[in-house]
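Biologist: I have a model open and would like to learn how to read its helix packing and its pockets. Could you walk me through it?

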Amino acid sequence: MKPHRRRTPRVLALVAAAGLIAPTLTACSSGSSIQVYSARHYDLEQAFETYQEETGIEVEFLFGSDAELRERILAEGENTVADVYITVDAGNLAAAAEEGIFKSVDSATLDEAVPPELRDPEDRWFALAKRLRTIIYAPDRVSPSELSTYEALAEPKWKGRLCLRTATASYTQSLVAAMIAERGEADTERIVRGWVDNGRIFSNDVEIIKNVASGNCDVAIVNHYYLARELRDDPNLPVELFWADQNAGGVHVNISGGGVVANANNPEGGQKLLEWLATDGQSELVGDNLEYPTNPKVAPDPLLTAWGDYQEQQIDAKAYADLNADAVALLGRLGYE
Ligand SMILES: [Fe+2]
């Protein structure tokens, strides 16, 4: 028989049920430890380790997809071991709040660290990092003077030249939900139809960037940090960033963030961890992944400041959540897969 790590049955159930990765969660919460369920994968292990070193408080975490972790917290109810739930996408955060997953947190530290537009009006969730979904292009085949808006990528001149992310990605769904909120469904449908006519669809943003670099597409829409990461690895990569919609409502903003779970065993500990992630832990949280900090007192990475200032869209997390089903239906109608 092969040697194996001993786990309690409960942990085995946790691991087996949802294909979760990096499960370090134990069944019983010791008094001072903090248990985190996270659908955001970037850099959290390192941040939690630092927090543990600085405070002596143990952070245990469970990674999984957004939907499965939310379902799990709801199913576990009062028996949940989760103190904090962290996820990506404003729509997911707003949906989690509507489902009653979070409790309101009264924290002067969080109120000061996180600008009002980047937290729930009822203080149930707080953005911890910001990402911008914008246009990228191949500078040897496209001049930035040809670029302007997401809408303009629907024009016939981009036929066969546009790369897009899959419809199943929350990134795509929230971009489309934001467009529906801003300009209505008919106009959004007209634009997305143009994208579908022009574009090819890829399952991740890194693949999209590589296809722009290699000449398979000339323009694309991606989250800024994927390009920043690729440029960090290869500063000569022939792909440039363009801030979309600068004279048309601003570039599309999304966030990752979290809140204290309503049935937390250790809500005070959960709140302290969130406060740290929004202040002293900001650089560590956003650093390697190259997201923008949400705390205005924390400077973004120089790779990002090199792209200059930008006008951003007013984020409306509730609209992203409420219009998600409409966005998914619209994408489905147009054969955007
Ligand atoms: Fe991502």
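Biologist: How are α7 and α14 oriented to each other?

Modeller: Bear in mind that this is a predicted model. The general idea is to start from the angle between the helix axes: 65 to 115 degrees counts as roughly perpendicular, under 35 as roughly parallel, over 145 as roughly antiparallel, and the rest as oblique. Here α7 (residues 185–198) and α14 (residues 324–333) pack at about 45°, their axes 10 Å apart, and α7 and α14 are therefore oblique to each other. Their crossing is right-handed.

Biologist: Which residues of α7 meet α14?

Modeller: On the α7 side they are E185, T188, E189 and V192, and they meet D326, L330, L331 and R333 in α14. Sorted by class, this contact has four charged, three nonpolar and one polar residue.

Biologist: Let me try another pair. At what angle do α2 and α10 cross?

Modeller: Roughly 110°, and the axes of α2 (residues 44–55) and α10 (residues 267–278) come within 11 Å. With 65 to 115 degrees as the range for roughly perpendicular, α2 and α10 therefore fall in that class. The crossing of α2 past α10 is right-handed. From α2, residues A47, F48, T50, Y51 and E54 meet K272, L273, W276 and L277 of α10. That contact of α2 with α10 has six nonpolar, two charged and one polar residue.

Biologist: Now the pockets. How much space lies in the largest pocket?

Modeller: A good habit is to take volume, then lining, then chemistry. The largest pocket holds about 390 Å³. Its lining has 25 residues, and D66, V88, N92, A169 and S170 are the closest to the centre. At least two lining residues come from each of α3, β3, α4, α6 and α13, with α6 supplying the largest share, four residues. By class, the lining of this largest pocket has 11 polar, 10 nonpolar and four charged residues.

Biologist: And what lines the second largest pocket?

Modeller: There are 17 lining residues, and D120, P121, W125, A317 and K318 lie nearest the centre of the second largest pocket. The space in that pocket is about 230 Å³. Both α4 and α13 supply at least two residues of its lining, and α4 gives the most, with four.

Biologist: How do the residues of that lining divide by class?

Modeller: The second largest pocket has nine nonpolar and eight charged lining residues, and no polar ones.

Conventions
Residues are numbered from 1 along each chain as its sequence is written. This is a predicted model: local features need pLDDT of at least 70, side-chain atom pairs count only at pLDDT 80 or more; totals for chains, interfaces and linings use all residues. Side-chain values use heavy atoms; hydrogens and water are left out. Axes are lines fitted to C-alpha atoms, for helices over the stretch in contact, and angles run from 0 to 180 degrees between N-to-C directions. A crossing is left-handed if the near helix is turned anticlockwise from the far one by less than a right angle, and right-handed if clockwise. Contact means heavy atoms within 4.5 Å. Ala, Val, Leu, Ile, Met, Phe, Trp, Tyr, Cys and Pro count as nonpolar, Asp, Glu, Lys and Arg as charged, and the others, Gly among them, as polar. On a 1 Å grid over the protein atoms alone, a cavity is a set of points where a 1.4 Å probe fits but cannot get out, and a pocket is an open set with protein on both sides within 12 Å along at least five of seven lines; lining residues have an atom within 4 Å of a point. Grid points are joined across faces, edges and corners, and a volume is the space filled by probe spheres set on the points.
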